[in-house]
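Let's walk through this structure together, beginning at the surface and then working through its charged pairs. Have the viewer open as you read.

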Amino acid sequence: MPYDGCTWEDDDVCENMPELIDSFERHKAAVQANTDGALAGRSEPTEKRGSKIKKPDLRRKYDEQPSYVTATGGRLHSYQLEGLNWLRFSYAQSTNTILADEMGLGKTIQTISFLYSLYKEGHSRGPFLVSAPLSTIINWEREFEFWTP
């Protein structure tokens, strides 16, 4: 994006920055605590006996939404589940993806469910960077809080 396409936010948008930084630091500490051997130079978490933890195959298609999604109290529509499966398969194939359809079909929820699946199944502990228009950030925060308890 060229410089003239960038925007600068007023100071009042950033007034709760110290709280957000504290929240990030708590999240980072929790992720590091759950990473087991990754900080010691191993790329994947291991069990105490040293054998690798078996992770679900990202190429496996979900016929029903995963239990950790159901536990949120939310329900994915069939097309959202199909999008989740496609994102997971593409990730396993190292293929970049873009979700593009009409507004209101749940791209935000599909993306959040995908990131949560990577986290819950041990494929990636994050952090994840979500780039979205400023006008939609509050909605993203609300959906993250609901779909990733």
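Met 17, Leu 20 and Ile 21 make up a nonpolar patch on the surface, and together they offer about 250 Å² of accessible area. Keep in mind that this is a predicted model. Met 17 sits in helix α1. How exposed is Met 17? Its relative accessible area is 34%, so it counts as partly exposed, and since patch members need over 30%, Met 17 clears that bar.

Now look for charge. Asp 10, Asp 12, Glu 15, Glu 19 and Asp 22 gather into a negatively charged surface patch. One of them, Glu 19, belongs to helix α1, which covers residues 17-34. With a relative accessible area of 55%, Glu 19 is exposed; the cut-off for that label is over 50%.

Zoom out for a moment. The protein chain has five helices and zero strands, so if you read the elements from the N terminus you just get α-α-α-α-α. Buried residues account for 26% of the 149 residues in the chain. The chain exposes about 11000 Å², with carbon and sulfur atoms supplying 54% of that. As for contacts between residues at least 6 apart in sequence, 61% of them join residues at least 24 apart.

Next up, the salt bridges. Side chains of opposite charge can pair when their charged atoms come close. How many salt bridges are there here? The count comes to three.

Start with Arg 88 and Glu 121, whose closest N and O atoms are 3.0 Å apart. This pair ties together distant parts of the chain: Arg 88 is in helix α3 (residues 78-92), while Glu 121 is in the loop between α4 (107-120) and α5 (137-147), 33 residues apart. Are these two partners buried or exposed? Both Arg 88 and Glu 121 are buried.

Another salt bridge joins Lys 107 to Asp 101, with the closest N and O atoms 2.8 Å apart. Lys 107 has a relative accessibility of 23%, so it counts as partly exposed. Asp 101 is partly exposed too, at a relative accessible area of 39%.

That leaves Asp 57 and Arg 59, whose side chains meet in a salt bridge at 3.2 Å, N to O. Asp 57 lands in the partly exposed class because its relative accessibility is 36%.

Methods: Residues numbered from 1 in each chain as written. Predicted model: local features only at pLDDT ≥ 70, side-chain atom pairs only at ≥ 80, totals over all residues. Heavy atoms only, no water. Patch = residues over 30% accessible without salt bridge, like charges linked within 9 Å, V, L, I, M, F, W, Y side chains within 5 Å. Areas by Shrake-Rupley, 256 points an atom, 1.4 Å probe, with all protein chains shown as cover. Salt bridge = Lys/Arg side-chain N within 4 Å of Asp/Glu carboxyl O. Lys, Arg positive; Asp, Glu negative; His and termini not counted. Charge placed at Lys NZ, Arg CZ, Asp CG, Glu CD. Helix = DSSP H or I, 4+ residues; strand = E, 2+ residues; numbered from the N terminus. Buried < 20%, exposed > 50% of the residue type's maximum accessible area, 1.4 Å probe, protein only. Contact = heavy atoms within 4.5 Å.
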